[in-house]
Amino acid sequence: MASKLSCTDILGPPGSGKGTVCQRSAQNFGLQHLYSGHSLQENIKANTEVGDMAKQYREKGLLVPDHVITHLMLSKLENRHSQHWLLDGFPRTLGQAEALDKICDLDLAIILNIPSETLKDRLGRRWIHPSSRREYNLDFSPPHVHGIDDIAGEPSVQQEDDKPEAAAARLRQYRDMAKPVTELCKSRGACYQCSGTETNNM
Ligand SMILES: Nc1nc2c(ncn2[C@@H]2O[C@H](COP(=O)(O)OP(=O)(O)O)[C@@H](O)[C@H]2O)c(=O)[nH]1
Ligand SMILES: Nc1ncnc2c1ncn2[C@@H]1O[C@H](COP(=O)(O)OP(=O)(O)O)[C@@H](O)[C@H]1O
């Protein structure tokens with residue numbers, strides 16, 4: 001039987017800094033960063049069937065159905081078997097975690113615990129250049145000119161699901177879904193919990 005994949009998982013609510021931590025870790029340790037939000041965004045851009053469906057869920061701040069995201073993510077993981085993966089945004093439900101568990105040995109789960117007021121504040125200040133997905137934060141990593149992407153010189157925008165109502169729905173959903181996922185990850189590998197309000201100090 002083929003050996004299982006090897007992966008590290010970064011878990012946390014929307015705005016907790018998963019993407020920021022993953023970008024730094026992928027660069028510093030040569031890991032392959034796989035980000036579920038980005039994979040869905042690629043499909044939205046390419047107008048695929050998955051993309052059309054994902055767009056509707058995203059705009060309301062809802063998770064896309066398990067079978068859709070699981071199929072998308074597992075097919076990417078299985079394509080590059082020799083790689084050590086750094087997973088960002090997946091799994092988010094127990095169903096996703098169980099599907100991943102069948103093909104992947106979890107080396108480490110890093111869980112980001114950030115106070116909800118900080119999360120709301122960060123999401124409200126996150127702006128994105130749509131075509132490159134470059135991210136800015138009005139305090140933490142501001143662009144040179146407000147609302148303009150530093151490299152393309154084009155407008156950056158606030159995503160629909162970072163606006164207050166959708167962001168609040170996403171945070172509520174995370175609270176409802178996260179516990180069994182973190183419990184499964186804890187039972188499988190080393191688990192490191194980071195708490196605080198500053199990514200640079202975690
Ligand atoms: N003020 C502040 N903003 C941060 C910090 N760490 C990350 N951010 C910003 O908060 C937002 C959410 O971070 P991100 O890495 O995208 O989180 P994710 O949604 O969990 O992937 C982004 O706009 C980041 O630039 C921090 O320590 N302080
Ligand atoms: N593992 C997942 N399961 C279901 N939906 C997902 C998953 N990952 C991303 N999504 C969808 O994409 C949206 C944006 O996710 P993401 O870009 O990871 O946001 P954030 O960085 O704010 O946590 C989610 O609100 C959800 O609709």
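**Two ligand shells, helix packing and a parallel sheet**

Let me start with ligand 1, whose shell is made up of two nonpolar, ten polar and six charged residues, where Ala, Val, Leu, Ile, Met, Phe, Trp, Tyr, Cys and Pro are taken as nonpolar, Asp, Glu, Lys and Arg as charged, and the others, Gly among them, as polar. This is a predicted model, in which local features need pLDDT of at least 70 and side-chain atom pairs count only at pLDDT 80 or more, while totals for chains, interfaces and linings use all residues. Residues are numbered from 1 along each chain as its sequence is written, and chains are lettered from A and ligands numbered from 1 in the order in which they are written.

In total, 18 residues surround ligand 1, and the closest are Lys-18, Gly-19, Thr-20, Asn-137 and Phe-140; a residue is near a molecule or strand if its C-beta atom, placed from the backbone, lies within 6 Å of it. Two elements, helix H1 (18–29) and strand E6 (134–137), give two or more residues to this shell, and H1 gives the most, with three. Helices (H or I, at least four residues) and strands (E, at least two) are DSSP runs, numbered from the N terminus.

Which residues are closest to ligand 2? They are Pro-14, Ser-36, Gly-37, Leu-63 and Gly-89, out of 19 residues that surround ligand 2. By class, that shell has eight nonpolar, seven polar and four charged residues. Helix H2 (36–45) and helix H3 (49–59) each supply at least two residues, and H2 gives the most, with three.

H2 and H3 also pack on each other, at an angle of about 110° and with their axes 7 Å apart; axes are lines fitted to C-alpha atoms, for helices over the stretch in contact, and angles run from 0 to 180 degrees between N-to-C directions. That angle makes H2 roughly perpendicular to H3, given that 65 to 115 degrees counts as roughly perpendicular, under 35 as roughly parallel, over 145 as roughly antiparallel and the rest as oblique. Leu-40, Asn-43, Ile-44 and Lys-45 in H2 meet Val-50, Gly-51, Ala-54 and Lys-55 in H3, a contact being two C-beta atoms, placed from the backbone, within 7 Å.

The second helix pair to look at is H4 (residues 66–79) with H5 (residues 94–103), whose axes come within 10 Å and cross at roughly 25°. That makes H4 roughly parallel to H5. Among the residues in this contact are Ile-69 and Leu-74 in H4, and Ala-99 and Ile-103 in H5.

Turning to the strands, five of them form an open sheet in the order E2-E3-E1-E4-E7, with parallel pairing, where two strands pair if DSSP finds at least two bridges between them. The edge strands, each pairing on one side only, are E2 (32–35) and E7 (190–195). E2 and E3 (residues 84–88) are joined over four bridges in the parallel sense, and the bridge partner of His-33 is Leu-86 in E3. H4 packs on this sheet, touching E1 (5–11), E2, E3 and E4 (104–113), and its direction makes about 165° with that of E2.

Finally, E6, which we met around ligand 1, runs antiparallel to strand E5 (residues 126–129), and four bridges join the two. Ile-128 stands opposite Glu-135 in E6. E5 and E6 form a hairpin with four residues between them, and Arg-133 in the turn has a positive phi of about 65°.
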